[in-house]
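Grab your viewer and work through these exercises with the model loaded. Each one has a task, then a solution in steps.

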Amino acid sequence: EGGGMSPLDRFRQPKSGSIRKFDFPDVERRTLSNGLDLRVCKLSRLPLVSTNLFFRAGESQLVESRAGLAVLTGDALEGGTQKRSGTELAETLEGIGARLGVTTGWEGTSVSMSCLADRLEPALTLLAEAVLEPAFPEDEVDRAREQQLAAIRQRAMDPAALASMEASRRYFVAGIPYARPQDGSEESIAPVKRELLSDYAESCYRPEGGGLSVAGDLDPDEIEIMANHRLAAWTGAPPAVEDFQVDPVTRERRVWVVHREGSVQSEVRIGHVGTDRATPDYFSLSVGNLLFGGSFTSRLNLNLREENGFTYGIRSRFGFRSRPGPFSVSTSVGTDVTAPAVGEIVKELVQLVEGGPTEEEVAAARDYAAGVFGLQLETAGQIASRISQLVVYGLPDDYYHTYRDRLRAVTTDEVAAAMSVHIRPQEVQVVVVGDAGEIVAPLESLDLGPVEVVAAP
C-alpha cells in the first residue's frame, strides 16, 4: 500500500549483478644467492608486510614409523632458538608487533610472519633464527608431544574424526602416507624425544625446492637484500625420499560400518581416490564440485538438507595434492535416516555422472567462484599464502592473473566430462560411524555392495 513494494516481491530472487573487475597484483620473481625462490608482491595501500617461507619438510616424505614427526617438529619450532628461550622469542616478537606462525602439511612446512613494513628487517631476523637455529628445549618438546598425543586420543573418540580417518584407510592402499592421519599415531609419536626433532630439522629444513613469498608495502630490491642477508647461509636440499604410487584399496563398491553402540547419529563419508593438483581438469572439477556439494545451494545440500531434512549440512570436496588426494562427501545424519541419506548421496553421484550438470548450475557455480576470488585476497597475508601455492605446486607465474578468466571459460560440457572421469559411483567406499545394530540391515537393503562391520582403530 501507499506505493510500497508488494509483499510478494521479497520472494522474487534478485538478479545477479555483474562481476566486478579484479586484477591479481603483479608478482616479481627473483632467486636468492642460496637458490631459494623469492616472490615479491608490492602492496602500498597499508604499511604492512606478510611473508611465507615454505620448505619441503612434509608428512608425505615420512615412513609410517615416523608419521607425525613433521607436524610435531613444526609445532615445537616456536619453543625457542639457540639464542632465545621460547618466552624470549615470544616477547621479542611482541616487542616489534610481529606474529609468527608455523603450519605443516603433506607437502611441506610454512613459516609465516606478519608485521609493519618498517619492522620487516628484525622480523626476518627472528624468522630465520627460528628456522635455521631451533633449540627444541626438552620441556617445549614434551609439551608439544603431549598436545599432539592428546589430539590423537581425542580423534579416536570423536565420531567425525574417526569417520575421516577410517575413510582414508578405505580409500588409499595401506602403507602410503595418505592412508594414515597427518599427525601420526600414538605408536609413532609417544617415543619421540627432542634429539629426533633436532635431527629431522637439521636434515629436512633445507631451502632447495622451497620459496619465500612476500606481500606488502616494501620495494622488492629491499626485500631481496634483507632476505639474502638473513638466509644466504641456509643451503642444501632435504634428503631424497622414495616416491609412492597412489592406489585405491579396491575398485569394488563397499560399505564399512564402524560400530559405536548407542550412537544417535551417524557420521558418513563416501568417496574414493581422486586426482592431483596438476590435473588439466582442475578448473572444471572446481566448478563441478561447487554445484554438486561445495556450496549451500549445491545438489547435495538441496536434497539432503532442504528437501529431505536429513542433515544440517553436507559437503563434497576434492583434496588436491601433489599426488592424487581423496574425493569425498561428508555429512552427519540421525541414526534412523542413515540408510536413506546414503542412498540419496549415491543416487546424486550417479545422476551427476550419467546426466551431467545443467547450463544454469554451471553458470551459477562458475560466476560464484569467479566473484569470490577477489574477496579471498583482501589482506597481504592472503596474497602471500596464494603466492606460496605457486611454489608448492609448481604453478606458472601468471596463474592467478588468468585465474578468473580460466574459471569463467569453463563450459558445461567440460564439467560433465571431468566429473564423469574423476567421480566413479561404482567404486566409492561408503564409511559410516554409528550404531551397527540399528543401521546395518537398512544399509544392506540398499544393495550398494558388501557391508562389513569393523572395530574402531
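At 38% relative accessibility, leucine 48 counts as partly exposed (buried means under 20% relative accessible area, exposed over 50%, partly exposed in between, with a 1.4 Å probe and protein chains only). Before we go on, some housekeeping: this is a predicted model, where local features need pLDDT of at least 70, side-chain atom pairs count only at pLDDT 80 or more, and totals for chains, interfaces and linings use all residues. Residues are numbered from 1 along each chain as its sequence is written, and side-chain values use heavy atoms, with hydrogens and water left out.

**Exercise 1. Place leucine 48 and work out the surroundings of its strand.**

Step 1. Leucine 48 sits in strand β3, residues 48-55 (helices are DSSP runs of H or I with at least four residues, strands are runs of E with at least two, both numbered from the N terminus).

Step 2. Look for nonpolar company: Leu46, Leu48 and Leu116 make up a surface patch with about 250 Å² of accessible area together. Patch members have over 30% relative accessible area and no salt bridge; like charges are joined within 9 Å, and nonpolar side chains (Val, Leu, Ile, Met, Phe, Trp, Tyr) within 5 Å. The areas come from the Shrake-Rupley method with a 1.4 Å probe, and for residues only the protein chains shown count as cover.

Step 3. Now the whole strand: seven of the eight residues of β3 are buried, so it is largely enclosed by the rest of the structure.

Step 4. Check the partners. β3 pairs antiparallel with β5 (residues 109-116) over eight bridges, and six bridges join β3 to β6 (residues 211-216), also antiparallel. Pairing takes at least two DSSP bridges between two strands. As landmarks, phenylalanine 55 has threonine 109 as its bridge partner in β5, while serine 50 stands opposite alanine 215 in β6.

**Exercise 2. Which strands does β7 pair with, and in what sense?**

Step 1. β7 (residues 254-259) runs parallel to β11 (residues 429-434), with six bridges between them. Histidine 259 faces glycine 434 there.

Step 2. β7 also runs parallel to β12 (residues 451-454), joined by four bridges. Here tryptophan 256 is opposite glutamate 452.

**Exercise 3. Which residues have the most contacts inside the largest nonpolar core?**

Step 1. A core is a set of buried Ala, Val, Leu, Ile, Met, Phe, Trp, Tyr and Cys residues joined through side-chain atoms within 4.5 Å.

Step 2. The largest has 60 residues, and Ile270, Val342 and Ile345 have the most contacts inside it.

Step 3. A second, separate core holds 52 residues, including Ala70, Leu77, Leu120 and Ala201.

**Exercise 4. Take apart the salt bridge between arginine 230 and glutamate 121.**

Step 1. Set the criterion: a side-chain nitrogen of Lys or Arg within 4 Å of a carboxyl oxygen of Asp or Glu. The whole structure has 28 such bridges.

Step 2. Arginine 230 and glutamate 121 qualify at 3.2 Å, N to O. Arginine 230 is in helix α8 (residues 220-231) and glutamate 121 in helix α3 (residues 120-132), so the pair ties together parts 109 residues apart in sequence.

Step 3. Is each end buried or partly exposed? Arginine 230 is buried at 18% relative accessible area, whereas glutamate 121 is partly exposed at 40%.

Step 4. For contrast, try aspartate 37 and arginine 39: their side chains meet at 3.0 Å, N to O, and both residues are buried.
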